Amino acid sequence: MNAPDLPSRLPVYAPPEALSRTAHIAGRAAYDALVAEADADHEGYWARLAREFIGWKTPFTKTLDSSDAPYYRWFEDGTLNVSWNCLDRQVEAGKGNKVAIIFESDDGKVTHTTYSQLLAQTCRMANALKARGVKKGDRVVIYMPMSVEGVVAMQACARLGAVHSVVFGGFSAHALRDRIADTGAAVVITADQQVRAGKQLPLKAMVDEALALGGCEAVESVIVYRRTGGPIAWTPRDLWMHEITEAQGDHREPEWVGAEHPLFLLYTSGSTGKPKGVQHCSGGYLLHAALTTKWTFDMHDDDVFWCTADIGWVTGHTYIAYGPLAIGATEVVFEGVPTFPDAGRFWQMIERHGVTVFYTAPTAIRSLIKAAEGNSAVHPDRYDLRSLRVLGSVGEPINPAAWEWYRKHVGGGRCPVLDTWWQTETGGHMITPLPGATDLVPGSCTLPFPGIAAAIVDEMGNDVPNGESGLLVIKKPWPSMIRAVWGDDARYRSSYYPPELRGYYLAGDGAARDALTGYFTIGGRIDDVLNVSGHRMGTMEIESALVACTALVAEAAVVGRPDDTTGEAICAFVVLKQPRPEGKEADRLAAELRAWIGKEIGPIAKPKEIRFADNLPKTRSGKIMRRLLRSVAKGEAITQDVSTLENPAILDQLTEAH
């Protein structure tokens, strides 16, 4: 399938002149110079940045070891500590009294934590863990709400050289058990409850249930943060966080570790098979977290950064727990959801805290568009958002209509919108605009981050011409890349380095580069690329076209299902900006949308089936669960775990809509 010629169809936005004048990467020539430096000396480029952005206890002398590829090793003879880089280094640089975290709880209570205070809390937590026998290399599972304490738990593990594995607080007891068992964790850190949209949700009880399922016999201690004070069961292994930390001192010498020492495990789940424990190292990961936070968002010392992700996901690791702190930034951490007490919560918080750089997900943006157009009181135009200067998007490709709304109504038409592509496995941004250097095109993540050798190839690893779609790969290793799948070498090789791809890293996404600009457009996961009558098309392209019908569509998700005639048929699940239609009205609107798709993409892209619903099945973090939609489209019974869904009843509505 030929990719669309983006500049001929969509507007191009140049970097704001005022921003470019002060940007860290100012102008396209500066970006091109960095790319040229990396192309000329890949190892030398990354070595220079590693010396600039990281404080080393023992400086490294060897940059990259490729002798056991694809098990690459970066800066391996250097030693460092990630927590020291994020906290002590900032205090020693005179930022002890600077606010590190502005925390806003679900009920709107705000607290400020300085770098000195965050360092002291981290040291007390590290001392408490040390007293429980936690040492370098031990695994600690963290199952926490969004909180300063969650960040402290992660930093304390890093300080000891322990390997943390954060599990999103919305995961079920079974999912939690699987992760605890796979890591062999000796300690679990949790809370009595978490609070979301005014409701108290159990965490400690889920840990108890997970441990009762068996396979977690290595767990010796469960440390509990008292968030609500609600009633919980108690066992001899349980400890209150406040009790064990109050008895500890404010100093803890960091454990200096090799650059390749594991920092964390983060599990990615698929539709089948056990979750993959993605292993990241200390040195290379920290470098990319700090570098991309500074360059992608053009972060300066007076910025207030807000990433709305949860620490249970990689975005919360890189752009909450590590990246902003590694460059001494001030950041907002938020416990709640964007629609409580109403859908103006994000805009109210940006106004209240003077947020200058805002990073959120397309799903959140689209849901807030729907809310704003249905209730003018929560429209971003009603709030003072003039503090904003950079906007970001993360999690999935953002469709052009949502991109334009985000820029116009949240950014006031003056803020660049950064569509960032990266993965749990990459550690940080891989393809992204730089706000002071890159011309922007709605719906495109534009160009690779300097030093990232992204390319589009066919199934045998051959480059495909610009303008044609193929497999997204990274041709050269980079410092923050996945180091292993925990305990499963064969899965690491087969998932990311299949032999037919010549040693390239396989991202698992389909993509294309624009014929004129070379800009990248992500077409969705490889298994989300449909083959309809021999024509390959990405589901994201069809979704974007549906949502571009701004008069009707608020949100859409597209999946494929088997079809005797065409091989695959396109099935679209659509949320309208009006009440869900039924009967002849549903037929009429479905026909209207099919005609729209035919006009926007072509007749081959018309969905064979369109189902209307009040919402789409989403996790509590806002991610659309397309694997469940595939089961619905096929008429299969839902056998997967749906405990992470915010709205499980919507599956019944979608099934009934057939």
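**View 1. Strand β18, covered on both faces.** In this predicted model, strand β18 takes in residues 357-360 and has cover on both of its faces. Look at one side and you'll find Val-357 and Tyr-359, both buried. Flip to the other side and there are Phe-358 and Thr-360, buried as well. If that every-other-residue pattern looks neat, here's the background: side chains in a regular strand alternate between the two faces of the sheet.

**View 2. The strands paired with β18.** Who pairs with β18? Strand β16 (residues 304-307) does, in the parallel sense, over 3 bridges. Zoom in on that pairing and you'll see Trp-306 standing opposite Phe-358 of β18. Strand β19 (residues 390-393) also pairs with β18 in the parallel sense, this time over 4 bridges. Here, Val-357 has Val-390 of β19 as its bridge partner. To get from β18 to β19, the chain passes through helix α14 (residues 362-374), making a right-handed β-α-β crossover.

**View 3. Helix α5 and its bend.** Where does helix α5 bend? Follow residues 82-95 along to Asp-88, where the helix bends by about 35°. Asp-88 is also one of the buried residues of α5, and others include Trp-84, Cys-86, Leu-87 and Lys-95. Several elements help cover the buried residues of α5, among them β3 (79-80), α6 (115-131), α7 (148-160) and β14 (262-268). Helices α11 (283-296) and α12 (314-326) are part of that cover too. Now check the start of α5: a side-chain oxygen of Asn-81 comes within 2.9 Å of the backbone nitrogen of Ser-83.

**View 4. An open sheet of 3 strands.** The order here is β28-β29-β30, and the pairing is mixed. Why do β28 (553-563) and β30 (609-612) each have one side without a neighbour in the sheet? They stand at the edges, each with a single partner strand, so there's nothing from the sheet on that side. On average, neighbouring strands of this sheet are turned by 25° against each other, ignoring direction. Strand β29 (residues 567-576) and β30 run parallel, joined by 4 bridges. Within that pair, Ala-572 stands opposite Ile-610 of β30.

**View 5. Two helices on that sheet.** Helix α18 (residues 583-600) lies across β28, β29 and β30, and runs at about 125° to β30. Helix α19 (residues 626-634) packs on the sheet too, touching β28, β29 and β30. The direction of α19 makes about 55° with that of β28.

Notes:
Residues are numbered from 1 along each chain as its sequence is written. This is a predicted model: local features need pLDDT of at least 70, side-chain atom pairs count only at pLDDT 80 or more; totals for chains, interfaces and linings use all residues. Side-chain values use heavy atoms; hydrogens and water are left out. Two strands pair if DSSP finds at least two bridges between them. Axes are lines fitted to C-alpha atoms, for helices over the stretch in contact, and angles run from 0 to 180 degrees between N-to-C directions. Contact means heavy atoms within 4.5 Å. Buried means under 20% relative accessible area, exposed over 50%, partly exposed in between (1.4 Å probe, protein chains only). A crossover is right-handed if, with the strands pointing away from the viewer, the path from the first strand over the helix to the second runs clockwise. The bend at a residue is the angle between axes fitted to the seven residues ending there and the seven starting there. A polar contact is a pair of N or O atoms within 3.5 Å; within protein, one must be able to donate a hydrogen and the other to accept it, and residues adjacent in sequence count only if both atoms are side-chain atoms.
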